Amino acid sequence: MIIVMKPNVPDDAVTELLARIEAKGLKPLHMPGSERVVLGALGDERVLADLALENHPYVESVKPILAPYKLVSRELHPHDTIVSIGNVGIGGSRFALIAGPCAVENETQLLASAKAAKAGGARILRGGAFKPRTSPYSFQGHGGGALELLAEVGREVDMPVVTEVLESGDVELVARHADALQVGARNMQNFALLKAIGQTRTPVILKRGMAAKVEDLLLAAEYILAEGNDQVVLCERGIRTFETATRNTLDLAAVPLLKAKSHLPVIVDPSHGTGIRSLVTPMALAGAAAGADGLMVEVHYDPAVALSDGAQSLYPAQMEALGKQLAQLLPVVGRTL
Ligand code: PEP
Ligand code: MN
């Protein structure tokens, strides 16, 4: 429920209302704005009927939040949220390019790939330490050692770093080394993991599950916000469809749709979204044109020797060219690189 207060409501009336909402077993929210104070009540809204809030002298209007994802919804929070990863904001007029190799392999590989990412305009470095592989026989990532290397290289190239966390027991460890946590497509509905991440204050990049609807993604984000962490970036990375010509079907219509439904920033991953190197740049540009707040792109200093996802990793020269094209395109949609 959204409770809009009249202008100049006294603080004690607000405190009293919040207490009455809480006494009904609902979660009270206090959202002071520049013009109005707005309160929220999350939970079974039927119990609010006997509080007759609409008759309260300082209440202007009471309306239900129609979306099932309450905290994530624009109904409750009309303005864009800007998520800060290190010193990089995602969700404002400056576009956030995230790039790096699929996995952290070794120092030479990571440093050279990080430099290629940076030369292409990326401001956040990605790299997997714990890899969620479809086959148990594929390279699983170098784990804890890779986390340290990622943090070290991030400092060297002066970029905040993001890496995936696969299980709730590792959240604290990964958060100690990374500026942002990534929840992968295969874990989008790992509710224990979402709750554990929600209890941290570390920013999160939440990827859409490969069989997840837009609403499922928004409800997964709601799990994180409901635990108190509102630093969530949504990532469209393609879904499974009958089409097998590409690794996934990149659902770019989801970008403006997510932005309309939620205040959270939205980024696009054209690398996993297509799985094919030659398609990455065009779909990256398309994602930017569709209104994404940023991109996550895989780049490797030598994709031919990559331990994972070489076929979709950009060459350094392609990364640099992408940066140049984005810089030209973004002003059309009111952003800069
Ligand atoms: C990744 O970013 O390396 C990754 C495994 O992505 P996804 O979870 O989208 O498959
Ligand atoms: Mn990958």
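Glu156 sits in helix 3, where a helix is a DSSP run (H or I) of at least four residues, numbered from the N terminus. This is a predicted model, so local features need pLDDT of at least 70 and side-chain atom pairs count only at pLDDT 80 or more. Residues are numbered from 1 along each chain as its sequence is written.

**Charge on the surface**
- Glu156 joins Glu107, Glu148 and Glu152 in a negative surface patch; such patches take residues with over 30% relative accessible area and no salt bridge, joining like charges within 9 Å.
- Accessible areas use the Shrake-Rupley method with a 1.4 Å probe.
- A salt bridge puts a side-chain nitrogen of Lys or Arg within 4 Å of a carboxyl oxygen of Asp or Glu.
- Helix 3 (residues 144-157) gives the most to this patch, with three residues.

**Overall layout**
- An automatic or database assignment splits the chain into domain 1 (2-63) and domain 2 (83-333).
- Their centres, taken over C-alpha atoms, lie 38 Å apart.
- The C-alpha trace spans about 70 × 45 × 40 Å along its principal axes.

Conventions
Chains lettered and ligands numbered in written order. Heavy atoms only, no water. Patch = residues over 30% accessible without salt bridge, like charges linked within 9 Å, V, L, I, M, F, W, Y side chains within 5 Å. Lys, Arg positive; Asp, Glu negative; His and termini not counted. Charge placed at Lys NZ, Arg CZ, Asp CG, Glu CD. Helix = DSSP H or I, 4+ residues; strand = E, 2+ residues; numbered from the N terminus.
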